[in-house]
Amino acid sequence: MPTVVVSGSGENQEFEGRITVYVIVCVIIAAFGGLMFGYDIGISGGVTSMDDFLKKFFPAVFEKKHHALENNYCKYDNQFLQLFTSCLYLAALIASFVASKVCSKYGRKLTIQIASIFFIIGVILTAGGINIEMIIFGRIFLGFGVGFANQAVPLFLSEIAPPNLRGALNISFQLFITIGILVSNLINYFTTNVHPHGWRISLGIAGVPALMLCLGSILICETPTSLIERHKVEEGRKVLRKIRGVENVEDEFDSIIHACEMAKQVKDPFRKLMKPVSRPQLVISICLQIFQQFTGINAIMFYAPVLFQTVGFGNDAALLSSVITGLVNVFSTVVSIYVVDRAGRRILLLEACVQMFISQVIIGIILLKELKTTGDNLSKGEAIFVVILVCTFVMGFAWSWGPLGWLIPSEIFPLETRSAGFAFAVSTNMLFTFIIGQAFLSMLCQMKAGIFFFFAAWVIIMGAFTWFLLPETKGVPVDAMVDKVWKQHWFWRSFMVENDRPDVKVV
């Protein structure tokens with residue numbers, strides 16, 4: 001199928017190209033980085049609800065969980081228990097800036113390989129943990145892997161994909177995240193009754209996708225953009241022919257050469273990001289990551305078994321409910337892959353805001369009225385209705401703010417600031433994932449049902465931001481964003497000044 005790219009002059013130009021089997025294989029292998037991320041998100045909530053794990057590492061939480069007069073909202077409130085979950089994301093935040101440098105200097109492929117090695121080390125430490133320090137160090141190594149993978153994989157996918165399929169191929173990263181969450185929920189469901197080492201099995205199985213990513217990364221190619229950027233011009237041309245499946249790639253090759261020449265003029269990409277001309281991309285990328293976390297999605301996915309136990313399910317039933325939400329997550333992400341390059345980015349984000357807001361408000365009202373601090377839990381019917389509402393919330397997130405939170409930042413930066421800009425996006429995501437992960441159980445304890453109203457209020461802010469400040473990028477070639485998106489937007493066009501003149505007023 002013909003692919004549209006932007007030429008050096010900034011005009012759209014058609015040339016031959018098609019989606020090849022090799023590109024599909026590369027996409028699947030690279031997306032295993034997303035599967036590892038998703039598995040790490042999902043596995044911690046199930047493991048931290050297992051009695052064998054709590055007795056070994058968090059005996060105080062175990063006693064509180066089984067106390068006769070337990071506080072329904074506070075039974076899992078423990079800073080060290082939250083640190084087990086959230087330290088991964090703090091490590092990923094730090095690693096993302098190192099990964100940005102590695103990604104630019106040594107390429108996307110090597111960065112993915114380094115990520116896989118960090119994942120393997122982390123799995124060994126957590127699954128073989130004999131004390132709390134060991135498992136937390138293991139989570140930190142897993143965090144390094146997440147930081148490197150989340151930096152390299154979305155860039156890799158955006159750069160090997162033809163523009164008309166960029167959204168669908170990039171969302172494969174998010175699809176694999178959701179598959180990882182689902183698989184972790186299934187594993188937890190079956191290992192929760194394997195005593196006393198079910199939790200070790202849950203943590204150890206993460207080694208399978210980590211090893212597949214490590215071995216598979218040997219087979220994938222480096223992106224043409226990264227090769228040309230690092231002065232491997234002929235190799236870049238050869239890879240471009242391979243991934244496009246045609247011999248005549250000169251037009252696209254010339255456009256990449258032009259983009260690389262423009263990028264070379266920027267000696268300090270992080271400094272360029274601070275200039276007004278980079279303000280739209282930077283602000284949107286950072287805000288999308290903040291909003292993605294303040295939907296409350298990771299709070300729910302981290303602690304879904306804990307949440308469902310809070311409203312009255314037993315341990316097995318809570319884990320099974322998490323599997324159901326995991327299935328909804330996967331299939332809704334598949335919907336996004338089909339729709340994103342047809343309907344566009346904005347419509348998915350705005351529709352999801354309405355869906356998530358309604359779900360969270362109703363959950364909050366039910367818990368506020370029916371779930372008391374101590375005593376009986378919700379009735380069976382009410383608890384099942386809460387699960388349905390959680391699934392409705394997850395559905396909206398999974399076809400919008402989940403995948404698009406990664407897709408949009410990976411496609412809106414010009415080449416000269418792409419790696420640095422995406423590093424800001426990844427690090428922001430990890431920072432706020434850490435904050436939510438570390439604070440959620442304490443917030444649930446203090447705010448009780450009000451926590452759902454807290455996240456619902458953020459959804460209103462997200463909707464307003466999308467309506468007024470987020471332009472549509474569907475079908476726009478990466479290197480045409482300035483002319484076709486930013487210079488046309490009612491607000492952001494004021495930042496699009498030529499040559500970064502020093503006398504430009506900074507807003």
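How many helices and strands does the protein have? In this predicted model, the count comes to 23 helices and two strands. Of the 507 residues, 61% count as buried. Looking at contacts with a separation of 6 or more, 79% come from residues 24 or more positions apart. Three helix pairs are picked out below, along with a bent helix and a few spots in the loops.

Helix 20 is a handy place to start, as helix 14 and helix 7 both pack against it. Helix 14 covers residues 279-294 and helix 20 covers residues 401-412. Their axes lie 9 Å apart and make an angle of about 165°. An angle over 145 degrees counts as roughly antiparallel, so that is how helix 14 runs relative to helix 20. The crossing of these two helices is left-handed. On the helix 14 side, the contact takes in Gln281, Ile284, Ser285, Leu288, Gln289, Phe291 and Gln292. Facing them from helix 20 are Trp401, Gly402, Leu404, Gly405, Trp406, Ile408, Pro409 and Ile412. Sorted by class, the residues of this contact are nine nonpolar and six polar, with no charged ones.

Helix 7 (residues 166-191) meets helix 20 at another angle, about 135°, with the axes 9 Å apart. That value makes helix 7 oblique to helix 20, and the crossing here is right-handed. Helix 7 brings Arg166, Gly167, Asn170, Ile171, Phe173, Gln174 and Ile177 to the contact. Helix 20 answers with Gly402, Pro403, Leu404, Trp406, Leu407, Ser410 and Glu411. This time the residues split into seven nonpolar, five polar and two charged. Gly402, Leu404 and Trp406 of helix 20 turn up in the contact with helix 14 and again in the contact with helix 7.

Helix 7 has Thr191 in it, and with a relative accessible area of 7% this residue is buried. Leaving aside residues up to four places away in sequence, Thr191 touches Met50, Gly198, Ile201 and Ser202. Helix 8 spans 198-204, and the loop between helix 7 and helix 8 holds Pro196. A cis peptide bond, with omega about 0°, joins Pro196 to His195.

What about the pair formed by helix 18 and helix 19? Helix 18 runs over residues 345-370, and helix 19 over residues 380-398. Their axes are 8 Å apart, at an angle of about 160°. The two helices are therefore roughly antiparallel to each other, and the crossing is left-handed. From helix 18, the contact draws on Ala352, Gln355, Met356, Ser359, Gln360, Ile362, Ile363, Ile366, Leu367 and Glu370. From helix 19 come Glu382, Phe385, Val386, Leu389, Val390, Thr392, Phe393, Met395, Gly396 and Phe397. The class breakdown is 13 nonpolar, five polar and two charged.

Glu370 of helix 18 deserves a second look. Its relative accessibility is 34%, so it counts as partly exposed. Glu370 and Glu382 are both in the contact of helix 18 with helix 19. Twelve residues separate these two along the chain, and their C-alpha atoms are 8.6 Å apart.

Helix 21, over residues 415-447, is not straight: it bends by about 45° at Phe440. This helix is also mostly covered, with 27 of its 33 residues buried. Just after helix 21 comes Lys448, in the loop that leads to helix 22 (450-469). Phi of Lys448 is near 55°, a positive value in a residue other than glycine. At 28% relative accessibility, Lys448 counts as partly exposed.

His231 is another non-glycine residue with a positive phi, near 70°. This residue sits in the loop between helix 10 (224-229) and helix 11 (233-244). Is His231 buried or exposed? With a relative accessibility of 59%, it counts as exposed, since the cut-off for that class is over 50%.

Methods: Residues numbered from 1 in each chain as written. Predicted model: local features only at pLDDT ≥ 70, side-chain atom pairs only at ≥ 80, totals over all residues. Heavy atoms only, no water. Axes fitted to C-alpha atoms, helices over the stretch in contact; angles between N-to-C directions. Helix = DSSP H or I, 4+ residues; strand = E, 2+ residues; numbered from the N terminus. Parallel < 35°, antiparallel > 145°, perpendicular 65-115°, else oblique. Left-handed = near helix turned anticlockwise from the far one by under 90°. Contact = heavy atoms within 4.5 Å. Nonpolar A, V, L, I, M, F, W, Y, C, P; charged D, E, K, R; others polar. Bend = angle between axes of the 7 residues up to and from the residue. Buried < 20%, exposed > 50% of the residue type's maximum accessible area, 1.4 Å probe, protein only.
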